[in-house]
Each structure stands twice: as structure tokens, then as C-alpha cells.
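Q: I'd like to go through this model with you, ligand site to begin with. Can you put it up?

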Amino acid sequence: MKSVNVRIDKIFAPASAVTAADIDALRPEIEQANELLHSGKGKGNDFLGWVNLPSSITEAQLSEIQAAAEVLRGEADIIIAIGIGGSYLGAKAVLEALSGSFDSLTAPKKGVNPRVVFAGQNISEDYTWELMEAVKNYDIATIVISKSGTTTEPAIAFRIIRDQIEKRYGKEGAARRIVAVTDESKGALRKLADTEGYKTFVIPDNVGGRYSVLTPVGLLPLAVAGVDIRALVAGAAEMEKLTADAPFGENPAMLYAAARTALYRAGKKVEILASYEPKLQNIGEWWKQLYGESEGKEGKGIFPASVTLTADLHSMGQYIQEGERTLFETVIRIAEPAHTFKIEADKENLDGLNFLAGKHIGEVNKMAILGTMLAHVDGGVPNIAVELPKIDAHTIGALLYMFEKACGISGYALGVNPFDQPGVEAYKKNMFALLGKPGYEKEGEALRARL
Ligand code: PA5
């Protein structure tokens with residue numbers, strides 16, 4: 001089985017109003033959009049560094065990341081990765097996907113089992129206090145990640161964590177325990193890192209935040225957590241080649257982009273990314289940022305939502321089955337679980353489950369996946385299947401790249417620049433004005449009058 005296979009045959013149900021002929025008709029447009037990503041002639045073409053990124057990562061770069069990771073693993077029980085948006089979600093998603101669901105029950109220990117936790121992705125006072133409490137009896141280090149080097153949330157977290165590290169280990173010790181991932185020359189973080197002599201990694205200029213998981217932004221925290229970053233990059237590189245070369249019908253990124261574009265044009269405005277593996281929940285968060293920030297502009301774009309099933313069948317299932325018919329579903333399906341667990345026969349059978357005796361839980365999950373798919377399709381929710389043979393670093397790398405490529409293609413088909421995010425500035429301006437940042441006095445006054 002390929003690393004990632006996309007099936008779109010279940011979007012052709014009558015209620016979806018999309019036919020195989022619609023997909024055929026879209027083919028030239030989708031192929032052209034894919035071509036634009038390679039020729040660099042489309043919108044936002046100064047941010048296309050991610051297109052050939054996986055295949056251009058060198059062994060020397062990977063070794064440098066791995067070496068820095070080893071230093072942090074040797075110094076600290078807990079490594080705090082600071083970042084937000086594209087400087088956070090990729091590492092969090094991959095780490096969760098490739099970790100044991102209950103790893104947090106094992107005590108963190110430097111050199112053996114150091115743990116990566118996240119900060120700077122919110123401005124919650126309680127989160128900050130609880131984090132600092134949680135790490136106070138452990139040795140800590142930090143990776144601070146910000147492309148601009150000026151984002152408020154991670155900057156606040158870094159100020160607090162740096163202060164803590166300097167108090168505990170002194171300036172010299174801090175320099176061994178702090179690694180910055182930022183722009184090559186611009187921004188406050190670059191200046192600070194150079195002044196303090198921190199080890200740094202560069203986020204390439206031509207790779208935007210939400211496409212940066214395969215740069216040191218994602219790779220360094222993942223290497224620290226013990227993820228096989230070489231396999232991750234190799235999986236992505238394989239998908240880079242496939243999505244560049246394969247014809248439309250065998251090209252997962254083009255098929256996925258075509259299906260969602262056709263569905264959007266047929267009135268399906270909300271896409272729900274579903275998976276039946278709880279450890280893929282944060283792949284959904286990463287995917288939501290990728291598609292939401294890339295497509296949601298100029299009054300257009302599919303609204304990306306996500307669910308984890310079967311859990312959410314008991315919360316969102318009712319809406320998906322019978323609510324407003326503007327939805328379609330993209331379901332990540334894993335062919336083989338990593339572990340087996342059999343349901344045994346019970347002498348008394350009081351729970352009536354003996355019809356399942358001898359089956360693995362995965363078989364029950366599989367039937368839930370298929371039964372739910374048919375129920376949703378019958379209820380008017382078209383279904384795209386994204387199939388992976390298993391969850392490992394290689395297939396997750398391929399999945400990430402497939403979604404990135406399809407996002408670029410879809411954005412071009414939508415007619416927007418998928419690589420900017422002008423709308424993100426509005427809240428920042430208001431927040432600065434309300435906080436009394438110098439230069440924002442007038443705006444602050446006007447806003448306060450409205451509250
Ligand atoms: O995708 C993006 O560009 C954003 O989500 C950024 O990653 C996010 O705002 C964080 O920015 P920075 O890395 O500059 O702190």
C-alpha cells in the first residue's frame with residue numbers, strides 16, 4: 001500500500017451534487033494549479049520554499065538538528081518548545097501522532113526520557129503558572145521558535161522561561177539550554193539570540209509558518225522528543241516526488257484538491273477532517289490552520305473543522321448526520337493498528353457482546369468507520385478517504401506534505417494567495433491598542449469607547 005492513498009468515489013452520492021464528470025472537468029485547472037506551484041508563477045510565489053523542501057534537506061542539516069537535540073536531551077528532563085500557529089502546531093501534531101497515548105504517565109528523565117511540552121501558544125495566566133509549577137523540580141531547557149521574532153504570545157512565554165533558566169543555571173548555563181529558531185537576520189529574537197550567544201537555526205525566508213513543519217521549526221522539537229526525523233523527511237520527500245510527477249488519477253494531492261474544490265463549488269462550505277485514532281487529533285489542529293489561514297480570505301474558503309471518532313459521534317454525530325447539508329467529510333483511515341488487542345468471550349455474556357468474541361478492537365473500529373461513512377453519505381455528507389497503511393514517521397511525513405501540496409493547489413483553484421494571512425493582524429492591532437502600546441494611543445481610546 002502507498003504511504004497515502006486518496007479515494008474520492010464516495011463524493012459522487014446524489015446529495016453531493018458532484019459527479020465524476022465535474023472532477024474530469026476540473027482536471028486542467030487543478031493540473032495548472034499544481035504546475036504553478038512548481039513554476040513559481042502563481043500568487044505568493046515568494047513563499048514556495050516548501051514545495052521542494054523535503055528533497056533538498058541535506059544530511060548535514062539533519063545531523064546538525066540531531067546534535068542540538070542531543071545536547072538538550074542531555075541537559076534537561078523537560079524541554080519547553082515555545083511558539084504559536086505555524087511555529088507550534090506541526091511539532092505538536094507529529095509528536096502526539098508518534099507518541100504513546102499515555103507517555104505522560106512516565107516520569108521525564110534527561111538523557112533517557114526527556115519530555116517536550118509547549119508554551120507560548122496562548123496567553124493564559126493559569127497555563128503559564130501551572131507550567132512553571134509543573135517544571136519546578138525538573139531540569140529544563142527551551143526551544144524558542146518565531147519566524148518574525150516579534151510575536152507577542154511566544155515572546156511573553158520566552159521572557160518568563162528565559163528568566164527562570166537564567167536564575168537556575170546562570171547566563172552560561174542558559175546559553176547551553178536555550179536554542180532559538182528564527183529569521184536569519186531580522187526580529188527581536190534574532191538580536192537577542194546573537195547577543196546572548198544562543199545556538200540558532202534559521203527558518204528560510206521563503207517558507208511561511210504553516211508550511212514550516214519540515215524545517216527546524218518542527219524537526220528540532222521532534223528530534224528532542226526522540227522522533228525519527230529522517231524517516232519523517234523521507235516520507236515527505238517521497239510524497240513531494242509523487243505529487244510532482246504522478247498523473248491526475250494517481251496523484252493524491254491533485255485528487256484531494258479536485259474533490260474539495262468541486263464540493264465547495266457545489267455548496268459544501270464546511271470540511272470536517274475526521275480520524276478514528278485519538279493520537280491524530282492534533283493533525284486535525286495543524287490541518288485546520290493550514291487550510292483556514294491559506295484559504296479563508298476575500299470572503300471565500302471552505303471552513304475547516306475536525307472531529308475525533310467514534311468519540312465525537314456521541315457529540316457532533318447528530319449534526320453531521322442531520323444538520324445543515326453544507327458539510328463534507330475527509331476521513332483519515334489507518335489500515336493497520338500498531339498493536340493488537342482481542343475481545344474475549346465471556347461466560348455469562350451479560351453485556352451481550354459475545355458476538356464480538358475473538359475479534360480485535362481494530363476490526364470493530366474498521367466496521368465503525370465503514371458503517372459511519374455509509375450513514376453519512378446516505379445523510380448527504382460526501383466522503384473523501386485519506387488512507388494510510390499505518391501510523392509511523394514515514395507515513396506522517398507523507399501525509400503532511402500531501403496536505404500542504406493539496407492546500408497550495410486548492411488555494412490557487414479558489415483564486416486566493418494561499419501563502420499570506422493579512423487578516424491575522426486585526427486582533428493584534430486592537431490588543432496592542434488596548435494594552436497601551438506606544439504608538440497606538442488614538443486607536444486605544446477609540447476602542448475603549450466601544451467597550
Ligand atoms: O502560518 C503563519 O505564518 C502563522 O501562523 C505564524 O506561524 C504564527 O503567527 C507565528 O508567527 P512567528 O513564527 O513569526 O512567531
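A: Here it is; note that this is a predicted model. Before the ligand contacts, one term: a polar contact is a pair of N or O atoms within 3.5 Å.

Q: OK. Which oxygen does a polar side-chain atom of Glu293 lie close to, and at what distance?
A: An oxygen atom of the ligand, with 2.9 Å between the two.

Q: And how far is the polar side-chain atom of Gln289 from an oxygen atom of the ligand?
A: That distance is 2.5 Å.

Q: What about Arg210, is it backbone or side chain there?
A: Backbone: an N or O atom of the Arg210 main chain lies 3.0 Å from a ligand oxygen. As for cover, the ligand taken alone exposes 390 Å², and the protein buries 88% of that.

Q: How many residues surround the ligand, and which are the closest?
A: There are 13 around the ligand. The closest are Ser87, Ser146, Ser148, Thr151 and Gln289.

Q: How does that shell divide into nonpolar, polar and charged?
A: Nine residues of the shell are polar, three are charged and one is nonpolar.

Q: Switching to helices. How do α4 and α11 pack?
A: Helix α4 covers residues 89–98 and helix α11 covers residues 281–295. Their axes are 7 Å apart, at an angle of about 155°.

Q: Parallel or antiparallel, then?
A: Angles over 145 degrees count as roughly antiparallel, so α4 and α11 are roughly antiparallel to each other. The crossing of α4 past α11 is left-handed.

Q: And what do the axes of α5 and α6 do?
A: The axes of α5 (residues 125–134) and α6 (residues 152–177) cross at roughly 20° and come within 12 Å. That makes the two helices, α5 and α6, roughly parallel. Their crossing is right-handed.

Q: Now the backbone. Which residues does the cis peptide bond join?
A: Leu309 and Thr310, with omega at about 10°. Most peptide bonds are trans.

Q: Where is Thr310?
A: Thr310 sits in the loop between β8 (303–308) and α12 (317–322).

Q: What is the phi of Glu298?
A: Positive, about 55°, although Glu298 is not a glycine. Most residues other than glycine have a negative phi.

Q: Which loop holds Glu298?
A: The loop between α11 and β8.

Conventions. Residues are numbered from 1 along each chain as its sequence is written. This is a predicted model: local features need pLDDT of at least 70, side-chain atom pairs count only at pLDDT 80 or more; totals for chains, interfaces and linings use all residues. Side-chain values use heavy atoms; hydrogens and water are left out. A residue is near a molecule or strand if one of its heavy atoms lies within 4 Å of it. A polar contact is a pair of N or O atoms within 3.5 Å; within protein, one must be able to donate a hydrogen and the other to accept it, and residues adjacent in sequence count only if both atoms are side-chain atoms. Accessible areas come from the Shrake-Rupley method with a 1.4 Å probe; for residues, only the protein chains shown count as cover. Ala, Val, Leu, Ile, Met, Phe, Trp, Tyr, Cys and Pro count as nonpolar, Asp, Glu, Lys and Arg as charged, and the others, Gly among them, as polar. Axes are lines fitted to C-alpha atoms, for helices over the stretch in contact, and angles run from 0 to 180 degrees between N-to-C directions. Helices (H or I, at least four residues) and strands (E, at least two) are DSSP runs, numbered from the N terminus. Angles under 35 degrees count as roughly parallel, over 145 as roughly antiparallel, 65 to 115 as roughly perpendicular and the rest as oblique. A crossing is left-handed if the near helix is turned anticlockwise from the far one by less than a right angle, and right-handed if clockwise.
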